[in-house]
Amino acid sequence: MHWLVLVLSGAMEALWATALAASDRFRRPRPTALFAVTLTLSMLGLAWAMTALPAGTAYAVWVGIGAVGTVLLAVARGEERLGAPRAALLVVLVGCVAGLKAVA
């Protein structure tokens, strides 16, 4: 259950990072509200997951999921391009996150 919450918290990180960028310095109410809600959920989930998982591993997994998710959201929204080298590096990052889970 802790791993599931950690993964969901990482997904929330991708959402809050995307909403933060869309908030236009907190001038747009909807992205600002989405940022506040998802940031809170992400931090609460990370904190709870860390009660049973090693802090360093949990944090690294959370950041990795959030980073990959943020890039994929930006690509899906047409804000960034995903070339082969970038895609390969994201695959390596996902592999590292999976590896951390495997050895934890």
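Mentor: Start with a cut-off: a residue counts as exposed when its relative accessible area is over 50%, as buried when under 20%, and as partly exposed in between. The model here is predicted.

Trainee: Why is R27 called exposed?

Mentor: R27 has a relative accessible area of 55%. The cut-off is over 50%, so R27 is exposed.

Trainee: What does R27 pair with, and what makes that a salt bridge?

Mentor: The partner is D24, and the N to O distance between the two side chains is 3.8 Å. The limit is 4 Å between a side-chain nitrogen of Lys or Arg and a carboxyl oxygen of Asp or Glu. At 3.8 Å, D24 and R27 therefore qualify. D24 is partly exposed, because its 38% falls between the two cut-offs.

Trainee: How many salt bridges does the structure hold?

Mentor: There are 3. Besides D24 with R27, E79 meets R77 at 3.1 Å, N to O. E80 meets R86 at 2.5 Å, N to O. Each of these distances is within 4 Å, so both pairs pass the definition.

Trainee: How do you know whether R77, E80 and R86 are buried or exposed?

Mentor: Take the values in turn. R77 has 49% relative accessibility, E80 has 31% and R86 has 33%. None is under 20% or over 50%, so R77, E80 and R86 are partly exposed.

Trainee: What is notable about the phi of R25?

Mentor: Phi of R25 is positive, about 60 degrees, and R25 is not a glycine. Most residues other than glycine have a negative phi. R25 sits in the loop between α1 and α2. With 67% relative accessibility, R25 is exposed.

Trainee: Which values describe F26?

Mentor: F26 has a positive phi near 65 degrees. This residue also lies in the loop between α1 and α2. Its relative accessible area is 48%. That is not over 50%, so F26 is partly exposed. D24, just after α1, has a positive phi of about 55 degrees.

Trainee: How do you know that the span of α1 agrees with what is expected?

Mentor: α1 covers residues 2-22. At 1.5 Å a residue, its 21 residues should span 30 Å. The end C-alpha atoms are 30 Å apart, so the two values agree.

Trainee: Which residues of α1 are buried, and what do they pack against?

Mentor: Among them are W3, L6, E13 and W16. The buried residues of α1 pack against α2 (29-49), α3 (55-76) and α4 (84-103).

Trainee: What makes M1, L4, L8 and W48 a patch?

Mentor: Patch members need over 30% relative accessible area, no salt bridge, and nonpolar side chains joined within 5 Å. M1, L4, L8 and W48 form such a nonpolar surface patch, about 460 Å² in area. L4 belongs to helix α1.

Trainee: How many helices and strands does the protein have?

Mentor: It has 4 helices and 0 strands. The radius of gyration is 14 Å, close to the 13 Å from the globule rule for 104 residues, so the protein is as compact as a globular protein of that length.

Trainee: What share of the residues is buried, and what share of contacts joins residues 24 or more positions apart?

Mentor: Buried residues make up 31% of the 104. Among contacts with a separation of 6 or more, 66% join residues 24 or more positions apart. The accessible surface is about 6,300 Å², and carbon and sulfur atoms hold 72% of that.

Notes. Residues numbered from 1 in each chain as written. Predicted model: local features only at pLDDT ≥ 70, side-chain atom pairs only at ≥ 80, totals over all residues. Heavy atoms only, no water. Patch = residues over 30% accessible without salt bridge, like charges linked within 9 Å, V, L, I, M, F, W, Y side chains within 5 Å. Areas by Shrake-Rupley, 256 points an atom, 1.4 Å probe, with all protein chains shown as cover. Helix = DSSP H or I, 4+ residues; strand = E, 2+ residues; numbered from the N terminus. Buried < 20%, exposed > 50% of the residue type's maximum accessible area, 1.4 Å probe, protein only. Expected span 1.5 Å × (residues − 1). Contact = heavy atoms within 4.5 Å. Rg over C-alpha atoms; globule rule 2.2 N^0.38 Å.
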